[in-house]
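Student: I should like to learn how to read the features of a protein model. May we go through them one at a time?

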Amino acid sequence: MSVVGFDLGFQNCHVAIARAGGIETVANEFSDRCTPAVVSFGTKNRTIGVAAKNQLITNATNTVYNFKKLHGRAFKDPLVQREKTKLAYELVQTDSGGVGLRVMYMDEPHIFSVEQITAMLLTKLKETAESNLKKPVTDCVISVPSFFTDAERRSVLDSAQIVGLNCLKLMNDMTAVALNYGIYKQDLPAPEEKPKIVVFADMGHSSFQISACAFNKGKLKVLGTAFDPYLGGRDFDEKLVDHFCTEFKSKYKLDVKSKIRALLRLYQECEKLKKLMSSNSTDLPLNIECFMNDIDVSARMSRSEFEGLCGDLLQRIDAPLRSLMEQIQLRVEDIAAVEIIGGATRIPAVKERIARFFVKNVSTTLIADEAVARGCALQVI
């Protein structure tokens with residue numbers, strides 16, 4: 001029997017398996033350990049993952065992405081209505097009042113539920129695991145954000161059921177991370193000694209989660225969890241996109257938001273620029289050829305300008321941190337270490353903000369993108 005850990009991320013997914021006494025994050029057919037959470041519908045076929053992401057701009061209205069937050073919600077939910085304005089594909093109300101995603105598939109209009117789309121993604125991840133293990137996979141552990149409600153969790157379970165996966169457990173992201181951290185640690189205090197308190201901060205593409213855990217040898221206790229479900233890497237991207245939309249309007253007389261293809265290209269370039277600014281403090285260029293109406297555009301941005309743009313987002317980091325400390329009733333001095341994971345924690349200003357709050361350097365001993373999937377696979381050893 002092979003049990004697999006699936007990290008179903010908002011932007012990317014990872015698959016981990018237990019093998020030869022250790023945990024491996026497995027690669028897909030592109031030799032990439034990360035599979036984009038994207039499903040694209042064409043006239044002849046359906047593509048998932050890397051191939052689907054490559055069609056995001058050319059087939060924008062029939063390529064489904066950023067759908068994780070639509071699980072278990074009614075169409076009239078304010079969050080769904082807010083998400084609707086940011087998506088290139090169409091959201092519609094289903095007969096039961098839920099969320100449907102309308103696309104053209106095989107030259108016919110189709111409406112899929114969020115559960116069906118996630119099931120398609122899980123099919124791809126299941127195939128990736130099976131091609132690595134060389135045997136069928138049925139049992140799995142799937143990660144969900146700590147703030148997911150019962151309805152959202154049930155919706156994820158329904159997706160697993162559609163694929164024929166037996167989900168042994170839905171595991172909170174932060175619990176998976178803590179398990180991944182503690183299981184191989186040799187320097188933990190004995191069971192009768194005072195536990196080691198470690199804080200885990202995870203800022204992904206769409207949300208910020210933080211938890212405090214107490215570790216003893218062979219024992220892990222989650223003391224508290226706090227989160228901001230609306231603060232993640234994409235919010236930083238949006239700040240850049242809004243800034244450049246304004247700049248291009250005055251400089252080139254282009255209304256970027258009127259053309260979805262141009263807007264999606266700008267989002268992709270801004271995400272690349274954000275990553276470059278994390279490792280470079282100099283002025284960096286943004287150049288896009290044939291951006292709109294056959295016009296080439298160019299602009300510049302430095303890390304300090306970027307941090308100025310995102311000042312309000314950086315301030316929001318403190319609220320979950322304070323909330324966590326109130327929950328666990330401990331002082332900052334009692335925290336032995338602060339571990340950060342998630343793509344957006346690579347932004348230097350985010351790291352600095354967390355380090356300043358806990359008055360200690362943050363650690364990056366865990367693999368930022370793979371820690372959750374590895375924790376899920378560990379759950380079933």
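**Salt bridges, a helix, a cavity and backbone angles**

Tutor: Let us begin with one pair: the side chains of Arg-73 and Asp-77 form a salt bridge, at 2.9 Å from N to O. A salt bridge here is a side-chain nitrogen of Lys or Arg within 4 Å of a carboxyl oxygen of Asp or Glu. This is a predicted model, in which local features need pLDDT of at least 70 and side-chain atom pairs count only at pLDDT 80 or more, while totals for chains, interfaces and linings use all residues. Residues are numbered from 1 along each chain as its sequence is written, and side-chain values use heavy atoms, with hydrogens and water left out.

Student: Which residues are linked with Arg-73 and Asp-77 in a network of salt bridges?

Tutor: Glu-152 joins Arg-73 and Asp-77 in that network. The structure holds 22 salt bridges.

Student: Is Arg-73 buried, partly exposed or exposed?

Tutor: The terms rest on relative accessible area: buried is under 20%, exposed is over 50%, and partly exposed is in between (1.4 Å probe, protein chains only). Arg-73 has 22% relative accessibility and therefore counts as partly exposed.

Student: Where in the chain do the partners Arg-346 and Asp-369 lie?

Tutor: Helices (H or I, at least four residues) and strands (E, at least two) are DSSP runs, numbered from the N terminus. The side chains of Arg-346 and Asp-369 meet in a salt bridge of 3.0 Å, N to O. Arg-346 is in the loop between strand 18 (337–341) and helix 11, and Asp-369 is in the loop between helix 11 and helix 12 (371–378), so the pair ties together parts 23 residues apart in sequence. Arg-346 is partly exposed at 41%, and Asp-369 is partly exposed at 32%.

Student: How should one read the buried residues of a helix, and which are they in helix 10?

Tutor: An α-helix has 3.6 residues a turn, so residues three or four places apart point the same way. In helix 10 (residues 318–328), the buried residues are Asp-318, Pro-320, Leu-321, Leu-324, Met-325 and Ile-328. They lie on the same side of helix 10 because they cover an arc of only 165 degrees around the axis, the arc being that of the directions from the helix axis to the C-beta atoms.

Student: What covers the buried residues of helix 10?

Tutor: The cover includes strand 13 (196–203), strand 14 (208–216), strand 15 (219–228), helix 9 (311–315) and helix 11 (348–358); contact means heavy atoms within 4.5 Å.

Student: Why might one take note of a positive phi?

Tutor: Most residues other than glycine have a negative phi. Gln-329, just after helix 10, takes a positive phi of about 55 degrees. Ser-31 has a positive phi of about 60 degrees although it is not a glycine, and Asn-66, also not a glycine, has one of about 50 degrees.

Student: Where is Ser-31 found, and where does Asn-66 lie?

Tutor: Ser-31 is found in the loop between strand 3 (22–25) and strand 4 (35–36), and Asn-66 lies in the loop between strand 7 (63–64) and helix 2 (78–84).

Student: Which of these two is buried, and which is exposed?

Tutor: Ser-31 counts as exposed, at 66% relative accessibility, whereas Asn-66 is buried, with a relative accessible area of 15%.
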